[in-house]
Amino acid sequence: KAARLFAAVDIGASSGRVIVGRVSDTVQLDVVHRFPNGVTARNGNLFWDFDGLLAEVFTGLGKAAAHAAALGGPIESIGIDTWAVDYGLVDEEGTMAGPPYSYRDGRGAVQVARVHGLLGPDRLYETTGLQHLPFNTIFQLASEPDLTGRQALLIPDLIAFALTGVRRTESTNASTTGLFDAVAGEWATEFMQALHLPARLFPPLIEPGETIGTLLPAVAALTDLPPGTKVVAVGSHDTASAVAAVPATGPNFAYISSGTWSLVGVELRAPVLTEASRRANFTNERGVDGTIRYLRNVGGLWLLSECMRTWAQEAHDAGSPASAAGLPALSLEELLAAAAAEPAGGPLIDVDAENFIAPGDMPNRIRAAVKATGGTLETRPAAVVRCILDSLAAAYARTVREASALSGQSVDVIHIVGGGSQNKLLCQLTANATGLPVIAGPVEATALGNILIQARAAGAAPATLTELRAMVAASHPGVQYLPR
Ligand code: LFR
């Protein structure tokens with residue numbers, strides 16, 4: 001049976017890709033375009049280069065059109081997912097006020113006390129079920145000087161708007177704003193009023209699987225895609241798409257979507273809004289098909305990538321070649337091999353600490369955190385990397401245990417998906433720390449979730465999440481790690 005073709009635009013905090021998904025009885029991916037992403041600093045603030053990202057999306061869609069032509073079929077639709085929380089402000093004409101701020105900017109954090117003065121943390125949690133993160137959309141919006149005549153479009157919605165001219169807010173991502181009712185699945189309008197936000201600040205909600213619109217003629221011309229090509233809502237929050245594609249074969253699983261962040265938790269039918277859950281800072285974000293992603297944002301490979309950025313800079317400053325200055329070679333592979341040779345039982349840090357959110361000089365911040373707990377950490381990169389991975393694995397184990405205890409969901413296997421699933425040391429340390437089998441992969445779970453929700457909407461994939469996951473498991477067998 002001939003495969004049907006769909007395009008996924010999947011952009012994370014450190015990289016983006018455009019992928020063609022081939023869907024028949026199996027689902028296969030062809031990455032047709034990759035590009036870097038990262039925050040840009042200007043006048044002491046951190047932004048995303050949205051125009052640059054959009055240019056890469058157009059390039060990637062052009063490559064997707066060419067790839068589909070070579071495969072002999074059309075791209076039936078396009079789905080978009082990115083990180084959550086952040087937004088761009090757009091006026092009535094559709095002009096953007098400026099580049100979107102990054103959640104790593106500190107402007108949300110300074111608003112927390114004022115917002116909590118108006119809406120207490122317990123009241124917020126009872127309705128939204130959202131974990132407290134200082135950069136949640138609600139806090140960022142509280143720092144906006146003037147919202148009159150503006151609409152806030154979350155990043156994937158902003159891209160969909162640029163492609164179709166249609167404004168919608170996709171619901172899985174809406175659930176990360178702090179302004180979304182986790183039980184009703186609607187905007188928490190009373191919170192918007194309390195904060196004096198315009199009633200129509202966000203466009204109407206849309207659910208994964210529904211059609212947002214068709215390509216604007218200019219976009220179709222630019223990308224060589226047929227003019228009628230649809231843009232379909234998927235789990236536009238990258239984590240929602242990743243969780244949809246976790247290759248679970250039974251009901252009792254936990255997942256770790258491991259990338260810039262580690263999103264660690266379980267899938268539920270209904271939110272857990274208890275005081276114990278709030279204190280443990282678990283979130284009830286919306287998944288596809290109205291599921292609840294009951295999870296915590298645990299620190300992630302951001303800690304490692306920021307360290308590597310610092311070491312590369314130091315090597316550069318010391319003058320090339322790095323070896324002449326006595327500095328280590330800095331490939332990820334070599335660092336991980338060296339970290340694997342370090343002894344177990346070294347110092348640990350709290351990978352969730354708020355002071356790891358901002359970029360810059362991560363190795364020294366990590367050493368300072370170890371020192372603050374009375375320990376010492378050597379400056380050798382291998383020791384620092386081992387500390388990060390040991391700390392992540394310990395946090396994963398604690399979080400899985402808590403998720404299970406707070407929700408009553410039993411867990412007998414852990415799926416690690418995303419970039420971290422390729423980190424063998426991290427996967428093995430996680431199996432050891434949890435005492436549970438870990439199944440690693442697929443690395444492109446997010447894109448698979450994106451593609452499968454589109455395919456299902458087109459009648460090319462089965463109806464239930466369980467069946468979609470079975471398709472992923474059959475198409476992309478994982479690697480198993482048993483506790484040692
Ligand atoms: C992961 C992610 C997390 C979200 C963080 C910030 O890419 O989407 O789920 O908390 O980025 O948006």
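## Strand 18 and its two partners

Let's start in the middle of a sheet. Strand 16 (residues 262-268) and strand 18 are joined by 7 bridges and run antiparallel. To find this pairing in the structure, look for Val264, which stands opposite Arg296 of strand 18.

Strand 18 also pairs with strand 17 (residues 283-286), again in an antiparallel way, through 4 bridges. Here Thr283 is the residue that stands opposite Leu295 in strand 18. Strands 17 and 18 form a hairpin with 5 residues between them. In that turn you can pick out Asp289, whose phi is positive, at about 60°.

## Which way do the side chains point?

This is a predicted model, and strand 18 is a nice place to practise reading it. In a regular strand, side chains alternate between the two faces of the sheet. In strand 18, Ile292, Tyr294, Arg296 and Val298 point one way, while Arg293, Leu295 and Asn297 point the other way.

Are the residues of strand 18 (residues 292-298) buried or exposed? The strand is mostly covered, and 7 of its 7 residues are buried. That holds for the residues pointing either way, Arg293 and Arg296 included.

## The whole sheet

Now zoom out. The open sheet is made of 7 strands in the order 17-18-16-15-19-20-21, with mixed pairing. Strand 17 and strand 21 (479-481) are at the edges with a single partner strand each, so one side of each has no neighbour in the sheet. On average, neighbouring strands of this sheet are turned by 30° against each other, ignoring direction.

Which helix packs on the sheet? Look for helix 14 (residues 381-407), which touches strand 15 (253-258), strand 16, strand 18 and strand 19 (413-417). The direction of helix 14 makes about 20° with that of strand 16.

## Around the ligand

The model also holds a ligand, with 13 residues around it. Trp83, Ala84, Val85, Thr239 and Trp261 are the ones that come nearest. Sorted by class, this shell has 6 nonpolar, 6 polar and 1 charged residues.

## How confident is the prediction?

The chain has an average pLDDT of 96, and 98% of the residues score at least 70. Among the elements of the chain, strand 14 (residues 230-232) has the highest mean pLDDT, 99, and helix 11 (residues 302-317) the lowest, 91. The model's other scores are an ipTM of 0.98 and a pTM of 0.97.

A good habit to keep: where pLDDT is low, predicted coordinates should not be read in detail.

Terms used. Residues numbered from 1 in each chain as written. Predicted model: local features only at pLDDT ≥ 70, side-chain atom pairs only at ≥ 80, totals over all residues. Near = placed C-beta within 6 Å. Nonpolar A, V, L, I, M, F, W, Y, C, P; charged D, E, K, R; others polar. Buried ≥ 20, exposed ≤ 12 C-beta atoms within 10 Å, placed from the backbone. Helix = DSSP H or I, 4+ residues; strand = E, 2+ residues; numbered from the N terminus. Pairing = 2+ DSSP bridges. Axes fitted to C-alpha atoms, helices over the stretch in contact; angles between N-to-C directions. Contact = placed C-beta atoms within 7 Å. pLDDT = per-residue confidence, 0-100.
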